[in-house]
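Here is a short briefing on one protein chain. Keep the structure open while you read.

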Amino acid sequence: ERLTVISLSSDTKSRWKAASAKHEMTWQNLSDLKGSNGLYAKYGVRGIPSYILISPQGKVLKKFTL
């Protein structure tokens with residue numbers, strides 16, 4: 001019924017915080033601080049930007065990279 005947009009950063013903690021402030025991100029910009037080994041690996045991110053549509057039940061519906 002609704003869409004939630006979340007961005008995920010693979011930067012170090014200091015670069016992630018600096019970029020969030022610089023670009024005045026008003027949406028959720030998250031980082032697990034594991035670079036490409038954490039959530040990036042879990043969802044198979046291979047390029048930036050990547051888009052992943054996930055159902056409310058946690059099922060991956062579609063993945064694509066531009």
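In this predicted model, the hairpin of β3 and β4 has 5 residues between its strands. Gly58 in that hairpin takes a positive phi near 95°. The two strands pair in the antiparallel sense, over 5 bridges.

**The β3–β4 hairpin**

- Ile54 stands opposite Val60, a residue of β4.
- Leu53 faces another β4 residue across the pairing: it stands opposite Lys62.
- β3 covers residues 50-54, and β4 covers residues 60-65.
- In a regular strand, side chains alternate between the two faces of the sheet.

**The aromatic pair**

- How many aromatic pairs does a search of the whole structure find? The search finds 1.
- The partners are Tyr51 and Phe64, and their rings are stacked.
- The ring centres lie 5.2 Å apart, with 25° between the planes.
- Tyr51 belongs to strand β3 and Phe64 to strand β4, so the pair ties together parts that are 13 residues apart in sequence.
- Tyr51 has 35% relative accessibility, so it counts as partly exposed.
- Phe64 also counts as partly exposed, because its relative accessibility is 34%.

**The nonpolar surface patch**

- Which residues form the nonpolar patch on the surface? They are Leu3, Val5, Trp27, Tyr51, Leu53, Leu61, Phe64 and Leu66.
- Together these residues have about 850 Å² of accessible area.
- β3 and β4 are the elements that give two or more residues to the patch.
- Tyr51 and Phe64, the stacked pair, are both members of the patch.
- Leu53, which stands opposite Lys62, is a patch member too.
- Trp27 joins the patch from the loop between α1 (13-22) and β2 (28-30).
- Trp27 counts as partly exposed, because its relative accessibility is 40%.

**Asn29 in strand β2**

- Asn29 lies in strand β2.
- Is Asn29 buried or exposed? Asn29 counts as buried, because its relative accessibility is 15% and the cut-off for buried is under 20%.
- Asn29 is in contact with Ser7, Leu8, Ser9, Trp16 and Ser20, leaving aside neighbours within four places in sequence.

**Gly35 and Ser10: two loops in contact**

- Where is Gly35 found? Gly35 sits in the loop between β2 and α2 (39-42).
- Gly35 has 19% relative accessibility, so it counts as buried.
- Not counting residues up to four places away in sequence, Gly35 touches Ser10 and Tyr40.
- The C-alpha atoms of Gly35 and Leu8 are separated by 9.9 Å. These two residues are 27 residues apart along the chain.
- Ser10 has its place in the loop between β1 (6-8) and α1.
- Ser10 counts as partly exposed, because its relative accessibility is 30%.
- Ser10 is in contact with Gly35, Ser36 and Tyr40, again leaving aside neighbours within four places in sequence.
- Tyr40 therefore appears in the contacts of Gly35 and also in those of Ser10, given that contact means heavy atoms within 4.5 Å.
- From Ser10 to Leu61, the C-alpha separation is 23 Å. Along the chain, Ser10 and Leu61 are 51 residues apart.
- Leu61 is one of the patch residues.

**The whole chain**

- The protein has 2 helices and 4 strands.
- Read along the sequence, the pattern is β-α-β-α-β-β.
- The C-alpha trace spans about 30 × 25 × 20 Å along its principal axes.
- Buried residues make up 15% of the 66 residues. Asn29 counts as buried, and Gly35 does as well.
- Take the contacts between residues at least 6 apart in sequence: 15% of these join residues at least 24 apart.
- The accessible surface comes to about 5,600 Å². Carbon and sulfur atoms account for 55% of that surface.

Conventions: Residues are numbered from 1 along each chain as its sequence is written. This is a predicted model: local features need pLDDT of at least 70, side-chain atom pairs count only at pLDDT 80 or more; totals for chains, interfaces and linings use all residues. Side-chain values use heavy atoms; hydrogens and water are left out. Patches are made of residues with over 30% relative accessible area and no salt bridge: like charges are joined within 9 Å, nonpolar side chains (Val, Leu, Ile, Met, Phe, Trp, Tyr) within 5 Å. Accessible areas come from the Shrake-Rupley method with a 1.4 Å probe; for residues, only the protein chains shown count as cover. A salt bridge is a side-chain nitrogen of Lys or Arg within 4 Å of a carboxyl oxygen of Asp or Glu. Buried means under 20% relative accessible area, exposed over 50%, partly exposed in between (1.4 Å probe, protein chains only). Rings of Phe, Tyr and Trp (its six-membered ring) pair if their centres lie within 6.5 Å; planes under 30 degrees apart count as stacked, over 60 as edge-to-face and the rest as tilted. Two strands pair if DSSP finds at least two bridges between them.
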